[in-house]
Amino acid sequence: MNFYGIRAIYHFEMARTFRTLAESIAAPVLTTSLYFIVFGRAIGSRMGEIDNVGYGAFIIPGLVMLNLLNESISNASFGIYMPKWSGTIYELLSAPVSWIEVLLGYVGAATTKSVMLGLLILGTARVFVPYQIAHPGWMVAFLLLTAVSFSLFGFIIGLWADSFQKLQVVPMLVVTPLTFLGGAFYSINMLPPLWQKVTLFNPVVYLISGFRWSFYGIADVDVAMSLGMTFGFLVACLAFVWWAFRTGYKIRN
Amino acid sequence: MTIRPTSAHTTTELSAPIISVRGVHKTYAGGFQALRNIDLEIRRGEIFALLGPNGAGKTTLIGIICGIVNPSSGTVVAAGHDIRKDYRAARAAIGLVPQELHTDAFESVWATVRFSRGLFGKAPNPDYLERILRALSLWDKRDAKIMSLSGGMKRRLLIAKALSHEPEILFLDEPSAGVDVELRHDMWRLVRELREQGTTIILTTHYIEEAEDMADRIGVINKGELVVVEDKTALMRKLGKKELALTLRQPLTALPAELNAWPLNLSADGQTLVYTFDSQTEETGIAELLRALNQHGIDFKDLRSSESSLEDIFVSLVQQAKGVKP
Ligand SMILES: Nc1ncnc2c1ncn2[C@@H]1O[C@H](COP(=O)(O)OP(=O)(O)OP(=O)(O)O)[C@@H](O)[C@H]1O
Ligand SMILES: [Mg+2]
């Protein structure tokens with residue numbers, strides 16, 4: 001293992017984060033606060049409880065997930081896309097690092113950042129609504145697992161993208177809609193029966209459901225299923241990255 | 001100043017080539033064949049200059065050895081390690097200064113050389129990095145953001161990054177492009193020092209005088225093929241031509257027919273007669289020529305001899321190759 005190499009990449013990425021710390025924190029905290037003001041207070045006060053949980057508290061896990069997915073993807077995709085774009089990737093390609101080490105550096109840093117942000121949003125939520133966490137251990141586990149999986153997914157998007165537009169396309173056109181439709185703001189039991197079935201094809205449903213279960217002990221789908229799906233996604237991403245580095249996919253001519 | 005610290009390099013015996021390229025072909029994804037059947041050995045501790053016109057395949061070959069480009073076929077062994085099977089050891093031995101100025105805009109000079117050293121698996125060594133930055137006149141700029149550096153400074157920063165992990169082999173892909181005369185001198189002095197400390201250096205340049213000055217051996221590549229690989233002095237001896245130019249007392253309109261057998265060239269104004277001969281041969285034929293001229297009553301007032309430069313040799317090699325290829 002090239003530990004110095006992993007550390008160099010990790011530091012490089014974290015330094016990039018800290019250079020733009022204010023922006024990285026301000027935007028998500030502000031949007032989350034807006035969600036709480038609009039959905040939690042203004043609209044939420046007219047909504048009934050869902051599964052005995054007040055609406056303001058109900059949306060917290062979904063909101064954290066929404067931010068976690070976006071942050072993980074954008075951090076990791078940007079991290080690997082930038083050197084491709086600027087040409088500095090030559091150094092990474094000529095360095096004695098394996099794909100695992102490259103991942104540990106880039107995905108490790110992206111995960112760190114999005115977990116920090118997830119916790120920050122949980123803190124912000126506290127300002128607006130009181131909530132309790134029924135299974136803190138599982139909460140952290142879901143948080144970490146999701147951050148790692150989607151940082152990996154972001155890394156793949158960064159490898160695949162050959163323009164800044166493409167870098168934005170997947171988060172905007174795929175992830176955000178799937179999150180909104182994945183039960184961030186409602187329980188899928190509230191949907192008509194047909195849509196309840198359709199929605200089960202949305203992988204984000206499992207993430208949000210599992211995460212919400214760790215807070216309130218209520219879930220739309222079985223928790224084991226949630227865990228299994230997240231792991232499955234993680235393994236699929238790992239397999240893709242392994243293949244990409246073997247074949248040089250879009251990075252090595 | 002010493003750039004290389006004391007760490008001894010533990011690689012294969014000294015006589016073995018430090019890089020050996022065997023039957024390397026490269027066809028890019030678009031179907032363009034950039035390299036054809038390249039066989040090349042680089043000797044330990046030499047300065048090797050790779051020359052060739054634009055698009056010849058120099059950067060591609062360097063990219064393959066350094067792990068940036070996948071070869072379509074063939075094998076490369078660097079510092080005793082196969083670059084694919086044992087890529088860690090091979091790459092750790094190599095430092096690369098790319099042709100293009102690829103840098104991170106927002107990093108500081110110091111942060112980026114530290115990053116490079118770590119990336120190549122070396123424990124931090126601030127003293128060593130300081131020595132490199134000083135040698136490249138970048139120490140005063142250590143806290144500057146890279147985007148605030150001039151082009152020549154960026155080039156030197158890339159050299160510092162390449163040296164940051166104490167490589168045994170250094171690739172310099174057109175290091176003198178965009179570097180002013182004084183800095184070029186400093187850079188070549190550094191390169192010589194590195195060579196004295198045992199680093200093997202492979203460089204490309206379009207300034208042929210530089211290769212003539214610096215290199216121990218020279219390879220010429222054209223359209224993806226290695227046209228020649230030779231000791232610089234041997235190459236200049238073998239392919240170099242000497243010329244003897246005679247300034248005539250009386251201009252000639254034509255040469256006497258008896259002199260047609262000689263490789264002589266009369267200038268357009270009939271004032272100068274140029275005799276070309278192989279610098280290698282024992283018998284230059286000068287004495288006979290002068291006797292023959294004398295017999296025909298051709299008198300001269302001045303004579304000069306000159307040797308062809310590496311540049312002339314290079315141009316003739318590349319043109320020859322053009323003639324051979326359709
Ligand atoms: N990524 C690529 N895809 C397709 N063709 C490429 C690629 N990179 C280089 N080539 C082609 O391969 C050939 C060799 O390019 P290379 O960069 O190795 O030349 P070079 O000898 O370094 O030239 P120069 O002196 O201009 O730097 C060129 O014809 C170039 O167009
Ligand atoms: Mg080139």
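The UniProt annotation "domain: ABC transmembrane type-2", from an unreviewed entry, spans residues 19-248 of chain A. UniProt positions follow the numbering used here, feature names are shortened, and annotations may be inferred rather than shown by experiment. The model is predicted: local features need pLDDT of at least 70, side-chain atom pairs count only at pLDDT 80 or more, and totals for chains, interfaces and linings use all residues. Residues are numbered from 1 along each chain as its sequence is written, chains are lettered from A and ligands numbered from 1 in the order in which they are written, and side-chain values use heavy atoms, with hydrogens and water left out.

## Chain A

Residues 19-248 of chain A are 77% helix and 0% strand, with end C-alpha atoms 31 Å apart. Helices (H or I, at least four residues) and strands (E, at least two) are DSSP runs, numbered from the N terminus. The same unreviewed UniProt entry type marks "transmembrane region" at residues 21-40, 52-69, 140-161, 167-188 and 225-245 of chain A. Two of these stretches are set out here.

| Stretch of chain A | Helix | Strand | End C-alpha distance |
|---|---|---|---|
| Residues 21-40 | 100% | 0% | 27 Å |
| Residues 225-245 | 100% | 0% | 30 Å |

Ser114(A) sits in helix α5 (residues 99-128) of chain A. Ser114(A) is buried, at 1% relative accessible area. Buried means under 20% relative accessible area, exposed over 50%, and partly exposed in between (1.4 Å probe, protein chains only). Its side chain makes a polar contact of 3.0 Å with the side chain of Ser72(A). A polar contact is a pair of N or O atoms within 3.5 Å; within protein, one must be able to donate a hydrogen and the other to accept it, and residues adjacent in sequence count only if both atoms are side-chain atoms. Leaving aside residues up to four places away in sequence, Ser114(A) touches Leu68(A), Glu71(A), Ser72(A), Asn75(A), Ala147(A) and Ser151(A). Contact means heavy atoms within 4.5 Å.

## The sheet of chain B

In chain B, six strands form an open, mixed sheet in the order β6-β7-β8-β3-β9-β10. Two strands pair if DSSP finds at least two bridges between them. β6 (94-97) and β10 (225-231) of chain B are the edge strands; each has a single partner, so one side of each lacks a neighbour in the sheet. From one strand to the next the twist averages 15°. Axes are lines fitted to C-alpha atoms, for helices over the stretch in contact, and angles run from 0 to 180 degrees between N-to-C directions.

β3 (residues 47-51) and β8 (residues 200-204) of chain B run parallel over four bridges. Here Ile47(B) faces Ile201(B) in β8(B). Two helices pack on this sheet. α1(B) touches β3, β6, β7 (169-173), β8 and β9 (217-222) of chain B, and its direction makes about 150° with that of β7(B). Helix α5 (residues 151-163) of chain B touches β6 and β7 of chain B, at about 170° to the direction of β6(B).

β9(B) is mostly covered, with six of its six residues buried. Arg217(B), Gly219(B) and Ile221(B) point one way, while Ile218(B), Val220(B) and Asn222(B) point the other. β9(B) is joined to β3(B) by four bridges in the parallel sense. Phe48(B) stands opposite Arg217(B). With β10(B), the pairing of β9(B) is antiparallel, over six bridges. Ile218(B) stands opposite Glu230(B) there. The hairpin of β9(B) and β10(B) has two residues between the strands, and Lys223(B) takes a positive phi near 50° in it.

## Helix α1 and the magnesium ion

Which residues of α1(B) are buried? They are Lys58(B), Thr60(B), Leu61(B), Ile62(B), Gly63(B), Ile64(B), Ile65(B) and Cys66(B). That is eight of the nine residues of α1 (residues 58-66) of chain B, so the helix is largely enclosed by the rest of the structure. Gly67(B) follows α1(B), with a positive phi near 95°.

The protein donors of the magnesium ion (ligand 2) are Thr59(B) (OG1) and Gln99(B) (OE1), at 1.9 to 2.1 Å. Thr59(B) belongs to α1 of chain B and Gln99(B) to the loop between β6 and α3 (109-119) of chain B, so the pair ties together parts 40 residues apart in sequence. Donors are N, O and S atoms within 2.8 Å of the metal (3.2 Å for Na, K and Ca); water is not among the atoms, so sites may look incomplete. Thr59(B) is partly exposed at 37% relative accessibility. Gln99(B) is partly exposed too, at 27%.
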